[in-house]
Structure formats: C-alpha cells, structure tokens
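I opened my notebook and started looking things up in this structure. Here are my entries, in the order I made them.

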Amino acid sequence: MGNEEITSTPESRTHFRELVAIGLVASVIGVSLGLVIDWFPTQATEQGERVDTLWDVLIICSVPVFVLVIVVVLYCVWRYRMKPGEELKDGPPIHGNTKLEIVWTAIPAVILVALCSYAYAVLRDVEEADARALNVEVVGQQFTWTFYYKDANGKRIASPQLYVPRGRQVNFTVKSDDVIHDFWVPAFRLKIDAVPGISTHLRATPKTVGQYPVVCAELCGIGHAAMRQTAHVVEPDEFETWLANGGRPPGEADETGAGAGAPDGKTVFGDNGCGGCHALADAGTTGGTGPNLDEVLPDKNAAFIEKSIVDPGAEIAPGYSDIMPPSFGQTLQPAELDARVKDLDEVAGK
Ligand code: CUA
C-alpha cells in the first residue's frame with residue numbers, strides 16, 4: 001500500500017502538543033539527572049577529562065531519545081487505551097508513510113555519524129604520543145600485576161605497586177604471562193586487555209596526586225577479583241627518588257637492607273595483595289582463593305614459608321591449585337621477603 005492521507009483533528013493536534021511538551025520536560029529532567037549524578041570515581045589524568053566530556057555529550061544526545069520513546073509509549077497507554085464498547089472506533093490500519101520513514105532514518109543517522117566522528121577525535125587525542133613519555137611495562141599474571149621500570153642506569157626494576165609522576169605522559173606496554181587480563185585504572189578512565197603473546201599500549205598523563213585502584217577487568221580465573229593493586233600518582237621529584245631507591249618509597253630500606261628502618265612484614269603482606277587470596281586473622285583478611293594461613297601455618301617452619309612464597313608451585317596444599325603467582329621471589333626485595341617470612345613465622349608460632 002502507498003501513502004495514505006493522515007487526517008488531523010483539533011483533538012489530535014492538542015494531543016500532539018501535549019506529547020511534545022511532556023517529552024521536552026522529561027528530557028530536560030533526564031539529561032539534568034544524567035549530568036548531575038557523579039557516576040565515576042576521581043578523575044586523575046588529562047585523557048580522563050576528554051573521556052568525561054565525551055560521556056556528558058553522549059548523555060545529552062542519548063537520554064532524550066530514550067525518554068522520547070518511553071514518553072510516547074506511556075502517553076499512548078494513557079490516552080488511547082481501548083475501553084469496553086470502543087472496539088470499533090479504530091479507523092482502517094495505515095500502511096507506510098515515506099516522509100515519516102525518511103525523517104526517522106535520517107535524524108538517527110546524522111546523530112550517529114556526528115557522535116562517531118567526535119568519539120574518533122577523542123580517541124586520536126587520548127592516544128597522542130609525547131616523546132618525553134615514561135615507559136612502564138605492565139605484566140599481568142594469575143593473579144597479580146607487576147610493573148617494570150628502567151632506572152637512570154638502565155637497570156630493570158620490578159614493583160608490585162604502580163608509581164607514576166604527575167604531569168608526565170606514561171606509555172604503558174601491557175603484556176600477559178598466561179591468560180587474558182585487562183589493565184584498568186578507573187581514575188585514569190582508560191583500560192586495555194593484556195593478551196598473551198602480544199603487547200598492547202595505553203598512554204595516560206596523570207594530573208592529580210593520589211592513590212587509585214588498579215583493577216583487572218577481564219574474568220581471568222578464580223582469583224580475578226583479588227587482582228587489585230594501587231596506582232600512586234606522586235610529584236616528579238618523589239618519583240625520581242622512588243626510582244633511584246630501586247622502586248621503594250623514600251625511607252624504606254634498599255635491597256641491601258640499608259636505609260631508614262627495615263621493611264615491615266605486615267606492610268609487605270598488605271602492599272602485595274596477599275590478603276586477596278589468603279585469610280589471616282593477624283592481618284584481618286578473609287580471602288578464600290588460597291589456603292587459610294591461620295590453619296596451615298602453625299606446623300610450618302620459616303624455610304617452608306619462604307619457599308611457599310618464592311616457589312609456590314613446589315608444594316600445593318591439598319584441595320588447592322597451582323595458581324599463586326610465581327613472581328614474588330622477583331618483586332619482593334630480600335629484606336621484604338625476610339620481614340614477611342619472619343612475621344608469618346611469628347604468627348604461626350602463636
Ligand atoms: Cu586478571 Cu581478572
């Protein structure tokens with residue numbers, strides 16, 4: 001069937017104006033709510049500003065479309081619901097309306113092309129490389145992240161915590177040792193998969209000093225939820241000191257054990273996310289992925305504890321799998337490892 005004349009009556013014109021008015025009011029309320037509600041955690045990078053603006057533009061463009069559809073549906077339910085005795089009031093069905101179809105295809109097409117172009121421009125922007133960028137290698141494995149740096153002498157430094165200087169672009173090269181993980185710092189507003197066999201890249205320019213969660217955003221196995229660490233955005237001079245100190249905060253011992261104060265075993269337990277997988281009453285942790293340390297430690301000696309940390313696959317507790325990261329022997333400094341073993345041995349001796 002071709003186009004048929006749709007007759008309008010004074011009543012239908014009133015209804016149309018009513019519908020448009022309700023739709024406009026509802027859209028304004030919807031967009032306002034979308035913009036006023038604080039959806040995200042603190043934003044800590046320059047790239048994050050562009051991403052948050054993109055989000056706001058998407059809210060402004062998409063909420064009215066959603067609201068309009070819902071308003072039309074609810075309005076029709078309210079105005080045109082058939083009451084008993086009205087069964088024959090409907091006119092003949094209408095088939096096709098070329099003008100209307102062109103309009104409702106063209107408008108979404110224009111909106112989509114505009115939003116895609118804008119999003120592409122934002123992507124180009126946040127991926128723009130800075131020649132002065134600091135290179136950090138991020139390696140994911142079940143179930144921890146390790147961050148690798150090069151110090152002034154080109155020596156490779158491994159850290160279980162992410163440290164980055166404020167105001168300088170960081171070029172993250174992301175890898176995986178086993179399965180697919182996803183490197184995500186919500187405060188940076190950027191994330192990328194860590195895929196075995198290839199390197200992926202992410203650039204972020206931290207702008208706000210603080211500590212932010214590093215999260216794994218790809219279901220990677222039983223300890224996925226425990227794969228959380230901390231990103232420290234620090235002042236540039238503090239970062240240089242940290243790097244020169246072999247990847248430890250100033251004041252903490254270097255790898256020879258020298259420095260102000262020896263590392264504290266309880267801090268080592270917390271910083272390395274041990275409690276994500278292990279319950280230990282002394283540390284107040286309840287993780288259930290790995291053996292409960294309060295139960296398994298009492299009859300173990302210090303040598304066994306140390307071996308279990310640096311070579312966790314050597315002996316697997318009954319009922320558990322070989323999933324503890326084998327990297328702690330590499331990322332923990334000897335002094336930290338000693339402190340951790342000593343602390344666990346004391347806890348076990350209680
Ligand atoms: Cu690694 Cu989820």
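**Entry 1: The outside and the overall form**

I began with the surface: the protein chain exposes about 20100 Å², and carbon and sulfur atoms supply 61% of that area. I noted right away that this is a predicted model.

Then I checked what the chain is built from, and I found nine helices and twelve strands. The radius of gyration came out at 29 Å, well over the 20 Å that the globule rule gives for 350 residues, so the chain is more spread out than a compact globule. I also looked up the box that the C-alpha atoms fill, which is roughly 90 × 50 × 35 Å along the principal axes.

How much of the chain is buried? Buried residues make up 37% of the 350 residues. For contacts with a separation of 6 or more, I wrote down that 67% are between residues 24 or more positions apart.

**Entry 2: How far to trust it**

Next I looked up the confidence. The mean pLDDT of the chain is 85, and 93% of the residues reach 70 or more. Strand β6 (residues 181-185) has the highest confidence, at 96, while helix α8 (residues 328-331) has the lowest, at a mean of 73. I put a warning mark beside residues 254-260, where the pLDDT is below 50. That stretch still has twelve contacts in the model beyond near neighbours in sequence. My note to self is that where pLDDT is low, the predicted coordinates should not be read in detail.

**Entry 3: Salt bridges**

Side chains of opposite charge can pair when their charged atoms come close. I looked for such pairs and found nine salt bridges in the structure.

I started with E18 and R79, whose side chains meet in a salt bridge at 2.8 Å, N to O. E18 is in helix α1 (residues 10-36) and R79 is in helix α2 (residues 46-79), so this pair links distant parts of the chain, 61 residues apart. E18 has a relative accessible area of 24%, which makes it partly exposed. R79 is partly exposed too, at 31%.

Which residue does E49 pair with? E49 forms a salt bridge with K207, and their closest N and O atoms are 2.9 Å apart. Here helix α2, which holds E49, is linked to the loop between β8 (200-204) and β9 (210-216), which holds K207; the two residues are 158 apart. I checked exposure again: E49 is partly exposed at 38%, and K207 is partly exposed at 29%.

My next pair was D125 with R50, with the closest N and O atoms 2.1 Å apart. D125 lies in helix α3 (residues 98-126) and R50 in helix α2, so the bridge ties together parts 75 residues apart in sequence. D125 counts as partly exposed at 36%, and R50 does as well at 29%.

I also jotted down a network of salt bridges that links E137, R156 and K175.

**Entry 4: Strand β10 and its partners**

Last, I looked at strand β10 (residues 228-234). Why is β10 called largely enclosed by the rest of the structure? Five of its seven residues are buried, so that description fits.

I then checked which strands pair with β10. Strand β4 (residues 162-165) runs parallel to β10, and four bridges join them. In that pairing, Y163 has H232 as its bridge partner in β10. β9 pairs with β10 in the antiparallel sense, over six bridges. There, V215 has R228 of β10 as its bridge partner.

Methods. Residues are numbered from 1 along each chain as its sequence is written. This is a predicted model: local features need pLDDT of at least 70, side-chain atom pairs count only at pLDDT 80 or more; totals for chains, interfaces and linings use all residues. Side-chain values use heavy atoms; hydrogens and water are left out. A salt bridge is a side-chain nitrogen of Lys or Arg within 4 Å of a carboxyl oxygen of Asp or Glu. Buried means under 20% relative accessible area, exposed over 50%, partly exposed in between (1.4 Å probe, protein chains only). Two strands pair if DSSP finds at least two bridges between them. pLDDT is the predictor's confidence in each residue, from 0 to 100. Contact means heavy atoms within 4.5 Å. The radius of gyration is taken over C-alpha atoms; the globule rule is 2.2 Å times the number of residues to the power 0.38. Accessible areas come from the Shrake-Rupley method with a 1.4 Å probe; for residues, only the protein chains shown count as cover.
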